[in-house]
Amino acid sequence: MEKQHYSEHEQEDEAFVKCASACVSHVLRLVLDGSLQLGLFEIIGKSGDGAHLSSFDIASQLETCNVDRAASVLDSILRVLVSHSFLTCSKTEHGLGYGIAPKGKFFVADERGVSMAPFFALTLQQESANWR
């Protein structure tokens, strides 16, 4: 079977579909909601293309009294996001580093301030209303 080559636009479209699918997936809802409320995608995204931050680096940018404890909790959240391809993970000299994967970029506001975060919040709000 011949390997297909996708254009950058097709790859972005595929990543968008995966991102939109995750927005309505029950499995990731709590992790995504917490990650968006904490601004994790924005924190990692603003570090630049290809950058990988440790959980400690990310936690130090949150409003917390105990950065070490927050980093420990964040590490679990970040690993879930890696396992669902929202983030990438690499070994650094200081441990694991987390970066934005193509479908995770949709949760980072673009130059116009647009992201999938409000769409996700809307779907979460709609689902919550349906539970009542």
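The exercises below work through a predicted model, each with a stepwise solution.

Local features need pLDDT of at least 70 and side-chain atom pairs count only at pLDDT 80 or more, while totals for chains, interfaces and linings use all residues. Residues are numbered from 1 along each chain as its sequence is written, and side-chain values use heavy atoms, with hydrogens and water left out.

**Exercise 1. Overall layout**

Task: state how many helices and strands there are in the protein, and what pattern they follow along the sequence.

Solution.
- Step 1. Helices (H or I, at least four residues) and strands (E, at least two) are DSSP runs, numbered from the N terminus.
- Step 2. The protein has six helices and two strands.
- Step 3. Along the sequence the pattern reads α-α-α-α-α-β-β-α.
- Step 4. Of the 132 residues, 33% are buried; buried means under 20% relative accessible area, exposed over 50%, and partly exposed in between (1.4 Å probe, protein chains only).
- Step 5. A contact means heavy atoms within 4.5 Å. Among contacts between residues at least 6 apart in sequence, 53% join residues at least 24 apart.

**Exercise 2. Helix H5 and its cover**

Task: describe the span of H5, then find which of its residues are buried and what covers them.

Solution.
- Step 1. H5 runs over residues 67-83, has 17 residues and reaches 24 Å from its first C-alpha to its last. This is close to the 24 Å expected at 1.5 Å a residue, where the expected span is 1.5 Å times one less than the number of residues.
- Step 2. The buried residues in H5 are Ala 70, Ala 71, Leu 74, Asp 75, Leu 78 and Leu 81.
- Step 3. Their cover includes helices H2 (29-38), H3 (40-45) and H4, together with strands S1 (87-92) and S2 (95-100).
- Step 4. Ser 55 is in H4 (residues 55-59) and touches Ala 71, Leu 74, Asp 75, Leu 78, Leu 96 and Tyr 98, not counting residues up to four places away in sequence.
- Step 5. Ser 55 counts as buried because its relative accessibility is 12%. The side chain of Ser 55 reaches the backbone oxygen of Ala 71 at 3.4 Å.

**Exercise 3. The largest nonpolar core**

Task: find which residues touch the most other members of the largest nonpolar core, and which element gives the most to this core.

Solution.
- Step 1. A nonpolar core is a set of buried Ala, Val, Leu, Ile, Met, Phe, Trp, Tyr and Cys residues joined through side-chain atoms within 4.5 Å.
- Step 2. The largest core has 28 residues, and Leu 32, Phe 41, Phe 86 and Phe 107 touch the most other members.
- Step 3. Two or more residues come from each of H1 (8-23), H3, H4, H5 and S2. H5 gives the most, with five residues.
- Step 4. Leaving out residues up to four places away in sequence, Leu 32 touches Ala 22, Phe 41, Leu 81, Phe 86, Phe 107 and Phe 120.

**Exercise 4. Salt bridges and a lysine without one**

Task: locate the salt bridges of the structure, then examine the surroundings of Lys 103.

Solution.
- Step 1. A salt bridge is a side-chain nitrogen of Lys or Arg within 4 Å of a carboxyl oxygen of Asp or Glu. The structure holds three.
- Step 2. Lys 18 pairs with Glu 14 at 3.3 Å, N to O. The two are four residues apart in H1, so about one helical turn separates them.
- Step 3. Arg 79 pairs with Asp 75, the closest N and O atoms being 3.0 Å apart. Asp 75 is buried at 18% relative accessibility, whereas Arg 79 is partly exposed at 47%.
- Step 4. Arg 112 pairs with Asp 110 at 3.1 Å between the closest N and O atoms. Arg 112 is exposed at 65%, and Asp 110 is partly exposed at 26%.
- Step 5. Lys 103 is in the loop between S2 and H6 (117-131). Lys 103 is buried yet has no salt bridge, and the nearest side chain of opposite charge, Glu 14, is 9.4 Å away. For this count Lys and Arg are positive and Asp and Glu negative; His and the chain ends are not counted.
- Step 6. Beyond its neighbours within four places in sequence, Lys 103 contacts Ala 15, Lys 18, Cys 19, His 84, Ser 85 and Phe 86.

**Exercise 5. The backbone at Ser 85**

Task: state where Ser 85 is found and what sign its phi has.

Solution.
- Step 1. Ser 85 is in the loop between H5 and S1, just after H5.
- Step 2. The phi of Ser 85 is near 65°, a positive value in a residue other than glycine.
- Step 3. Most residues other than glycine have a negative phi.
- Step 4. With a relative accessible area of 44%, Ser 85 is partly exposed.

Notes:
A polar contact is a pair of N or O atoms within 3.5 Å; within protein, one must be able to donate a hydrogen and the other to accept it, and residues adjacent in sequence count only if both atoms are side-chain atoms.
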